[in-house]
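Hi everyone, thanks for making time for this. I'd like to walk you through one protein, piece by piece, and you can follow along on the screen.

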Amino acid sequence: MPFTPANRPHPDSEASQAMHILVGAMNVHVIDLGHGDDPFDVPDTEGLFLGTRDGRPVYGHDAEPDMGMPLMGLYGRLDEEAWTIAGRAVQMIEWRRTHRYCGRCATETEPAPPPNDRAMRCPVCGLLAFPRLAPAIIVLVTREEDGKALLARGSNFPVPMYSCLAGFVEPGESMEQAVHREVFEEVGITLKEVKYWGSQPWPFPHSLMLGFTATYAGGDVVLDESEILDAQWHGPDDLPMIPPGMSIARRLIDAWSQGNT
Ligand SMILES: [Zn+2]
């Protein structure tokens with residue numbers, strides 16, 4: 001059975017087979033008792049229950065900052081589902097760490113009772129703080145005349161990598177409006193045929209990537225140089241360095257270059 005999120009362990013779940021995810025400062029260390037890891041390595045702190053995988057409970061733990069490996073570096077070392085679960089643990093533990101006090105009255109918060117038991121609650125003023133999630137759009141823009149895709153090098157990329165355009169959805173905005181706005185802001189072009197493609201949790205640190213495809217409608221490419229160093233139209237046979245396989249950006253680019261978008 002795939003991972004099933006829940007707030008409380010099922011009475012029949014096997015604690016002796018649990019998966020424990022220790023979260024440092026965006027680093028993780030996984031102790032999987034179901035795969036032979038040593039139970040003496042499990043911290044004696046009460047973990048945050050995250051859900052069940054194959055009938056086995058999964059817990060996140062707040063660990064020392066230098067514990068484990070960067071989550072990004074664990075991709076490929078863990079199976080895809082375990083990596084996604086580790087990402088969930090990072091987001092939940094980091095959120096608990098940063099919501100220890102009420103944002104309205106500064107009282108120490110406590111876990112909220114059901115039905116809001118994913119939230120932290122202020123015992124004085126009742127403010128509920130739910131896990132934080134920042135939706136971001138990512139869009140692969142192609143043009144009709146030659147089928148090429150517009151790939152851009154972001155100013156924050158540490159390597160000369162080219163990817164889809166992306167940005168956060170703003171309050172009061174639909175996903176589609178965010179696609180039009182971000183693309184116009186970053187490269188100055190307008191779009192048509194904006195279509196939802198798929199999504200991906202992106203725990204760096206708490207995004208949800210919403211993938212779109214779109215077709216170029218008009219305008220010249222003019223870069224917002226504070227965000228984009230370069231943007232070029234590329235065909236499937238002349239791709240620059242593109243993002244690694246874990247990202248929805250890569251999946252969008254692969255689907256297009258293989259003719260599946
Ligand atoms: Zn309060």
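I'll begin with the overall picture, then take the domains in turn, and finish with some backbone oddities.

First thing to keep in mind: this is a predicted model. The protein has three helices and 15 strands. Its C-alpha atoms fill a box of roughly 60 × 45 × 30 Å along the principal axes. Of the 261 residues, 28% are buried. And if you take the contacts with a separation of 6 or more, 63% of them are between residues 24 or more positions apart.

How is the protein divided? It splits into domain 1, which is 4-97, domain 2, which is 101-131, and domain 3, which is 134-257. Between the C-alpha centres of domain 1 and domain 2 there are 24 Å.

Okay, the six-stranded sheet. Its strands come in the order 1-4-5-2-3-6, the sheet is open, and the pairing is mixed. Strand 1 (4-5) and strand 6 (69-70) each have a single partner strand, so one side of each has no neighbour in the sheet. Now find helix 1, residues 80-97: it packs on this sheet and touches strand 2 (19-23), strand 3 (27-32), strand 4 and strand 5. The direction of helix 1 makes about 165° with that of strand 4.

Let's zoom in on one pair. Strand 4 (residues 48-53) and strand 5 (residues 56-62) run antiparallel, and five bridges join them. For one spot to click on, Phe49 stands opposite Tyr59 in strand 5. If pairing is new to you, strands of a sheet pair through backbone hydrogen bonds, either parallel or antiparallel.

Before we leave this part, look at Phe3, in the segment before strand 1. How far apart are Phe3 and Ile85 in sequence, and how far in space? They are 82 residues apart in sequence, and 7.8 Å apart in space, C-alpha to C-alpha. Leaving out neighbours within four places in sequence, Phe3 is in contact with Gly51, Arg53, Glu81 and Ile85. Is Phe3 partly exposed or buried? Phe3 is partly exposed, because 18 other C-beta atoms lie within 10 Å, and buried would take 20 or more.

On to the three-stranded sheet. This one is open too, in the order 7-8-9, with antiparallel pairing. Strand 7 (110-111) and strand 9 (128-129) are the edge strands, each pairing on one side only. Two bridges link strand 7 with strand 8 (residues 120-121), and Met120 in strand 8 is the bridge partner of Pro111.

Next up, helix 2, residues 175-187. Its 13 residues reach 18 Å from first C-alpha to last, close to the 18 Å expected at 1.5 Å a residue. Which residues of helix 2 are buried? They are Ala178, Val179, Glu182, Val183, Glu186 and Val187. These buried residues cover an arc of only 120° around the axis, so they sit on the same side of helix 2. What covers them includes strand 10 (134-142), strand 11 (149-154), strand 12 (165-168), strand 13 (190-202), strand 14 (207-218) and strand 15 (228-234). Right after helix 2 comes Gly188, with a positive phi near 75°.

Two of those covering strands deserve a look of their own. Strand 13 and strand 14 pair antiparallel over ten bridges, and a hairpin of four residues joins them. Within that pairing, Lys195 has Thr213 in strand 14 as its bridge partner.

Last topic: the backbone oddities. Most residues other than glycine have a negative phi, and most peptide bonds are trans. With that in mind, the bond from Pro114 to Pro115 is cis, with omega near 5°, and Pro115 is in the loop between strand 7 and strand 8. Another cis bond joins Phe204 and Pro205, with omega about 0°. You'll find Pro205 in the loop between strand 13 and strand 14.

Then phi. Asp54 is not a glycine, yet its phi is positive, about 50°. Asp54 is in the loop between strand 4 and strand 5, and it counts as partly exposed because it has 14 C-beta neighbours inside 10 Å. Glu193, in strand 13, also has a positive phi, near 50°. Is Glu193 buried or exposed? Glu193 is exposed, because 12 other C-beta atoms lie within 10 Å.

That's my tour, thanks for listening.

Technical notes:
Residues are numbered from 1 along each chain as its sequence is written. This is a predicted model: local features need pLDDT of at least 70, side-chain atom pairs count only at pLDDT 80 or more; totals for chains, interfaces and linings use all residues. Two strands pair if DSSP finds at least two bridges between them. Two residues are in contact if their C-beta atoms, placed from the backbone, lie within 7 Å. Axes are lines fitted to C-alpha atoms, for helices over the stretch in contact, and angles run from 0 to 180 degrees between N-to-C directions. The expected span of a helix is 1.5 Å times one less than its number of residues. The arc is that of the directions from the helix axis to the C-beta atoms. Domain bounds come from an automatic or database domain assignment.
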